[in-house]
Each structure stands twice: as C-alpha cells, then as structure tokens.
10 protein chains.
Amino acid sequence: MLFHVRMEVRIPHDMDAEVKADIVAREKAFAQEVQRSGRWPHLWRVVGEYANISIFDVESNDALHELLSGLPLFPYMDIAVTPLAKHPSDVNA
Amino acid sequence: MLFHVRMEVRIPHDMDAEVKADIVAREKAFAQEVQRSGRWPHLWRVVGEYANISIFDVESNDALHELLSGLPLFPYMDIAVTPLAKHPSDVNA
Amino acid sequence: MLFHVRMEVRIPHDMDAEVKADIVAREKAFAQEVQRSGRWPHLWRVVGEYANISIFDVESNDALHELLSGLPLFPYMDIAVTPLAKHPSDVNA
Amino acid sequence: MLFHVRMEVRIPHDMDAEVKADIVAREKAFAQEVQRSGRWPHLWRVVGEYANISIFDVESNDALHELLSGLPLFPYMDIAVTPLAKHPSDVNA
Amino acid sequence: MLFHVRMEVRIPHDMDAEVKADIVAREKAFAQEVQRSGRWPHLWRVVGEYANISIFDVESNDALHELLSGLPLFPYMDIAVTPLAKHPSDVNA
Amino acid sequence: MLFHVRMEVRIPHDMDAEVKADIVAREKAFAQEVQRSGRWPHLWRVVGEYANISIFDVESNDALHELLSGLPLFPYMDIAVTPLAKHPSDVNA
Amino acid sequence: MLFHVRMEVRIPHDMDAEVKADIVAREKAFAQEVQRSGRWPHLWRVVGEYANISIFDVESNDALHELLSGLPLFPYMDIAVTPLAKHPSDVNA
Amino acid sequence: MLFHVRMEVRIPHDMDAEVKADIVAREKAFAQEVQRSGRWPHLWRVVGEYANISIFDVESNDALHELLSGLPLFPYMDIAVTPLAKHPSDVNA
Amino acid sequence: MLFHVRMEVRIPHDMDAEVKADIVAREKAFAQEVQRSGRWPHLWRVVGEYANISIFDVESNDALHELLSGLPLFPYMDIAVTPLAKHPSDVNA
Amino acid sequence: MLFHVRMEVRIPHDMDAEVKADIVAREKAFAQEVQRSGRWPHLWRVVGEYANISIFDVESNDALHELLSGLPLFPYMDIAVTPLAKHPSDVNA
C-alpha cells in the first residue's frame, strides 16, 4: 500500500554540532536500511530545500507511523502524509 | 531529470457529457502513450480526490511544459510542479 | 485500518431540483449501506456546515478510494483524507 | 454532546528531558483516566505527526474547556475544536 | 451554552430578484423570531461586508445545527462556529 | 461604538514563572476594571485555546488602541480587531 | 476617525455591458461625491489590479458601513476594513 | 525601474471560442509590441500553468498600471506586482 | 511615486531592555526626519497591533528600499510593499 | 534551462555578529562567482525585504540544488523554486 510523504527538516540553529552530526548519520543509516527492505521505494530531494518527497510501501497505517516516528530526525521534521491509490490510467497497474 | 507534478481536475459541472467523455478518453490515451515512452514513470491517484500525483522524467523544463500543456484536460486542471534532485541517502542513486 | 475523512458538499446552485433530490437520496442509501457493512463506523455532521466528519475502516487505500469515488455526491464534494494509527494512550487499543 | 478535537504537540526542543518525561507521563495518565470516564470515547494518532484526533463527549462547552485546559500538555499544544451534530444519514443515530 | 458564529452571505449574482427578496425577507423574520426566543442574544453586522457575527445561546450542538440549517439563507452562507466558555476574568460570570 | 476583538495569548515558554504570574494577575485586574467601566461588555474564552473573543464599546479607534495596548499581556498577544455595525435584523437595535 | 479600506472589484464576466457601464458610472459619481464631502480623503489604485486602497474619515462604524454598503459596486466587491489610530511617531498628529 | 509581475490567466470556460481567439491574438501582439519597446525585458512561462512571470522596466507605478490594465487579457488575469531594487551582490549593478 | 507599506514589528522577547529602548528611540527620530522630508506623508497605527500602515512618496524602487532598510527596526519587522497608482475616480488627481 | 528562485533570509537574531559577518561575506563572494560563471544571470532585491528574486540558468535540477545548497546562507533561507519555460509570445525566444 503506497503513501506519499513530504518531510521538511527544521533542525534548531542552536543544536550542538556533534549531536546534529550524530542524528543526521543515524537518519541516513536508518533510511537506507528501510529502503533496502523495500518499504521506502522512492526518496527524492526537493530542489532548493532541506526536504524530501518519498513514497512508502507498507502494510498499514500503523506500520507507516511506526516507521516515520522511528526516524532519528522525526522530532525535527514537519511531515505530511497522503494516501495513494492505483490510477485507472496507469499502464503498470 | 525528475519532476513531481500534482494535478487536480476541475471539470465544470455544466460541461456537455459527450464532450467530457471525449476529453477524458483522449486524456487517458495520451497519458498511457507518454507513460509507455518512459517520460511519465509514475502516476498515482490521490485517495478521495479527482487528482493525481505523478513523476515525470524529461530532458528540460520546456519539454515538461510542452507535455503538460498538451494534456487534453490541461485547461481544466490545477497543476503544481516541483523539481526533484538526487537525495544523498538514496540507495539507488 | 482507520481513516479520518472530512467531506464538504458543494452542489451547484443551478442544479435541477429533481436531479439534486435523486442524488441526495442515493447518497443517503449508499451511505447507510456502507455503514451497515461496518466500513463506515462513524458519521457526524459538522455544526453549521453542509459537511461531515467520518471514520472509515477499510482494508486498503485502494478500497477507500473506490468507496469514496462511488458516493453519488463525489463530484460535488471536497474531500480530505487523513490516515489514522493507534494512539499509545488509547485505553481500548 | 460530541466535539471533534485535533491536538498538535509542540514541545520546545530545549525543554529539560526529565521535565518533559514527567509531563508526558502525567498526560498519558490523565488521558486514560478521562477515557475511562466515558468523556473521551475516541483517541487516534495522526500518521506521521506528533498529533491526535479525538472525540469528546461532554455536557457543555465549559466542561470541554475545563477538561482540555487541564491536560498537562495544554501549554504545548495547538488545539482546534469542532462541534459535531447528529448526521441525518447516521444509521446509529 | 454560548457559541460564536460568523455568517458570510454569498447569494449567486444570477438569482432571480423576487426569489432573492423572498428569501431575504424570510431570513429576517426567522432571525427576529429566534432572537426574541432568547437563543440569538447578539447579532452584529461586520463593517464593509455582507456578513454578521452572532452569539447563540442554545442547549446543545444539535440544537445549534438545527437552528442554523433552518435559516432561509443557509444554502448561500459560509458559516464558522466557535464554542465559547466562561472566561476566568469575566466580572459577570 | 462596538468592536469585535480576538486575542490569542503567546507567552514565551522560558518566561520566569514569577514574572508571568505578575503579568497575568495585572492583566486580570486591568480587564476587570475596564469591564466595570462598561467599555468591555463581553469577554469569552475560546474553548480549547488560551484565547478570548471580546466585544469593546469605545468612543473611537484611538480609544480602543490605547486600551488594548495598555493590557499587560499586549506584548504577548496576537490581536485581531473587527469593527461592528448595527444589523438591520437586530431586534434590539 | 480613520479607517483603511481595501476594495477588490469582481464583476461577473457575464454581466450585461450596459448594466455594467451604468453601475461603474454611478460608482464613480458616488465616490467623487463622498470624496468632496471630506469623508473619503484618499483613494489609490493598486497597481496591476482592479482594486483600490482607500482611507475613510467617518464619525462611527455605523457611518462607515452605511457608506460602503451604499456603493453601487458593493455587491461585486471584496472589502476589508482596518481601523487606524494615531501613530506616536506621526509628526502631524 | 524594475517590477516583477506574475500573471495567471483565468479565461471563463464558457467564453465564445472566436472571442477568446481574438483576445489571445491581440494580447500576443500587444505583448510583443511592449517587449520591443524595451519596457518588458523578460517574459517566461511558468511550467505547467497558464501563467507567466515577467520583468517590466518602466518609469513609474502609474506607467506600469496603465500598461498592465491595457493588456487585452487584463479582465481575465490575477496579477501580482513586486517592486524590485538593485541587489548589493549583483555584479552587473 | 506612492507606495503603500505595512510594517509589523516583531522584537524578540529576550532583547536587552536598553538595546530595545535605543533602537525604538532611533526609529522614532529617523521616522520623523523622513516624514519632515516629505517622503513619508502618512503614518498610521493599526488598532490593536504593534504595526503601522504608511504611505511613502519616493522617486524610485531603489530609493524606497534604501529608506526602509535604513530603519533601525528593519531587522525586526515584516514589511509588505504595494505600489500605488492614480485612481481614475480620485477628485484630487 | 531557467529557474525562478525566491530566497528569503532569516538569520537568527542571536547569531554572533562576527559569525554572521563572515557568512554574509562568503555568501556575497560565492554569489558573485556564480553570476560571473553565467549560471545566475539575474539577481534582484525585493523592496522592503531581506529577500531576493533570482533567475538561474543551469543544466539540470541536480545542478541547481547543488548550487543552492552550497550557498553559505542556505541553512538560514526559505527558498522557493519555480521552473520556467519559453513563452510563446517572447520576442527573443
């Protein structure tokens, strides 16, 4: 089941540089692990912003929330979730 | 080069039913032709709306505008375009 | 799987009265049938508006879109869908 | 009398960790006590957000405000209240 | 129980003049009847707009919706309802 | 002359507790003094928010600004002022 | 007493040309009469829009609403009113 | 003196096709004449929209409004004007 | 050439009181000097807000930006500029 | 390939003055270097704001993001990117 997710990162400017580096490193490792599991099939950078647009493929709403709230950057992001359905004109559907 | 495009269809309620059916049919044929060309790799329905979220893969801004403005439903859609870049955590990039 | 859905009805003022009465009657019948199936557990009127807030319990995003787009009033509604998850403080979860 | 309430938690990033843990624990205890009293029949997590959507069943506007303003997290939340009425198509009404 | 209600009138420009005059006359009669019943204690015009700000005193959310949806202008108004509570600094409370 | 005023309190989370208590106490005393003078005939709490909706009855715009900017909480509030006029359907006007 | 008023004209595209010309001519005559009375001391065009920004000098909120609602274009305008007060740095005040 | 102007075209769907073609043709001729005069140095299409972003170089606000309001499509456009100044980092300034 | 400018002051709550008093005093002196030069013909307080609405009369966009960015409060204000033109119904134009 | 970019600078008020001066100086040097390379053909100041409107001419979305995210002020700016296409009425296209 597919979900469109937009994440906008808003790290406070006064966060300690080492703490920040650690969070960002753990975010990357976690994101890559989820991608390899097949549950995060697309991850794009929004041009000009510290933000991404992603597609998630998960079994349920609960699974998606568990995954997103587990992201190390979760407390510092504005996240918007849009459920997706099959489009009748999709040639691959 | 990837672009994120959100299209919201707003066909006037008083449009002639046959005219509408013809436009919608031509839209579908055109959309499927572009998908098969590889320039429209993803097309999803937004749940609960007469809207889609799409990813386009085109060579330039001009090519994208030519493609979008050629859609039979173009005069009846609100379209928002977001340029995408490679994400540093993308395992496939 | 639960979804929060807000529907705002915007029937054109110049719609034929009989056509409107027919659509509204079919909407009510359809809504009650879905409620009885257990997939629409809550349906409330928003005070002062021709709008409702609903909770749907469906197996997938596709099922929800199929259901919503099948509503007779679908072409005349603004619909916003919010996926819900289990809350950690919910005593019934 | 039913009210739809959306609460969005915005705890300042520089809040002391122990203070925060204490507030969150008291919030949970209080929320569960109110749920058990029957005045907070539904509590859902909004997917991807530190937010909830709730239904309250109280005797008056004053009772609702007293309850909400008594939440330990009240000073750190954006709250939006929408009064609900019986829907004419509700099969349970 | 008090509610703050803002009503903005949006009568279609092509409404028949007699139909409009009839609706507006019935609206006025109904509004005055409800005021005299004590359930609509305040009614003010918003300067520069075809809109009003009102205070209603009703026994429940359902009673308020029944009242508002019974206004002859209801199909032509945008209405926003805000529940009010007693203020701790109110000298009359 | 009547004005509708919405005040939303936004006290910084790091304000000293004693300073805050003092400001809030002076706000209450000032608000009650103005109410007793007849210039602040209505003061309601917005349910679920640290906000109020008020009606002021003053002789001029200058008098209203002098009054509002004299509130001890003025530096910590978002205030929106709407001028009101007599409504043609008001039975008391 | 001064008020800042922004008026945005939205004449329906299908209005009869003669009717429109008549309304616009009466609007101009009325506006000039009010200006000459001293109650409309400033009237500016917003560059690029069919809109104006005006300053009114009237004795009360009621007088302002009576004036604005008497404008021949009133049913076709979006109007926003902002009360003004003397500024402490105004050298002419 | 430079101005940034965004124009969004909203031609009513029921406009007669010949009338529309005539307006669009006159718009193009007028736009090209102004460009050749040097007062409209840049004109770009916004990708995916029936809209443009333009830079105008005119002697005054009045001159800009006269020019914009003279565009044949003026009654059918939403126009937003932003005054521009020399940037201190501009290597050509 | 006239410009409409709205300035909203947002001084950080933790600014040192002496620093703030100094900035505000210099702002007032500067504002009065510009007013006396004839380039700031109108300055009004927005009722209920730490904000002003002003009219500037300057020779160019560059002159306006130089003036506004020279205000001592410039780093602490949200400023919105609207170019004005002569109105065809203005009896003084 | 052209892109319209609006950058709004939001440097925290408590940033160390030397750090700020250093960032701003490096921003200027970098901006001028990119301008000289031909990839940043236009850079304008928005009147009354610490903001600019720019046109970039780059080979791809990735190139634009690399450039923008390399700006020393990038962590302190709100950036909005709009892809541009050739306009059919552009006499220079």
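This report walks through how some chains of a predicted model are arranged, how two of them meet, and where one glutamine sits.

## How chains D and F are related

Let's start with the symmetry. A turn of 72° with a shift of 0.0 Å along the axis lays chain D on chain F, and the RMSD of that fit is 0.0 Å. This is the relation of a five-fold axis. Within chain D, Asp14(D) has the C-alpha nearest the axis, at 8.2 Å from it.

## Where chains D and F meet

The size of an interface is often given as the accessible area lost when the parts come together. For chain D and chain F the buried area is about 650 Å², and carbon and sulfur atoms give 67% of it. In terms of residues, 10 from chain D are in contact with seven from chain F. Three names are worth keeping in mind on the chain D side: His65(D), Phe74(D) and Ile79(D) together supply 52% of the area that chain D buries against chain F, more than any other three residues.

What about polar links across this interface? The rule finds zero salt bridges between chain D and chain F, and one residue pair in polar contact, with both residues at pLDDT 80 or more.

## The chain D side in more detail

Which elements of chain D supply at least two residues each to the side that touches chain F? They are helix H2 (61–69) and strand S4 (77–86). The largest share of that side comes from H2(D), with four residues. Sorted by residue type, the side of chain D that touches chain F holds eight nonpolar residues, two polar ones and no charged ones.

## Chains that do not touch

Some pairs of chains stay apart in this model. Chain D and chain G have no contact, and their closest C-alpha atoms lie 25 Å apart. Chain A and chain G do not touch either, with 30 Å between their nearest C-alpha atoms.

## A look at Gln35(A)

Now for a single residue in chain A. Gln35(A) belongs to helix H1, which spans residues 17–36 of that chain. Is Gln35(A) buried or exposed? Its relative accessibility is 9%, so Gln35(A) counts as buried, the cut-off for buried being under 20%.

Its neighbours come from two chains. Leaving aside residues up to four places away in sequence, Gln35(A) touches Trp40(A) and Leu43(A) in chain A, along with Ser89(B), Asp90(B) and Val91(B) in chain B.

Note on methods. Residues numbered from 1 in each chain as written. Chains lettered and ligands numbered in written order. Predicted model: local features only at pLDDT ≥ 70, side-chain atom pairs only at ≥ 80, totals over all residues. Heavy atoms only, no water. Least-squares fit on C-alpha atoms with pLDDT ≥ 70 in both. Buried < 20%, exposed > 50% of the residue type's maximum accessible area, 1.4 Å probe, protein only. Contact = heavy atoms within 4.5 Å. Buried area = accessible area lost by both parts, 1.4 Å probe. Salt bridge = Lys/Arg side-chain N within 4 Å of Asp/Glu carboxyl O. Polar contact = N/O pair within 3.5 Å; in protein donor to acceptor, adjacent residues only side chain to side chain. Nonpolar A, V, L, I, M, F, W, Y, C, P; charged D, E, K, R; others polar.
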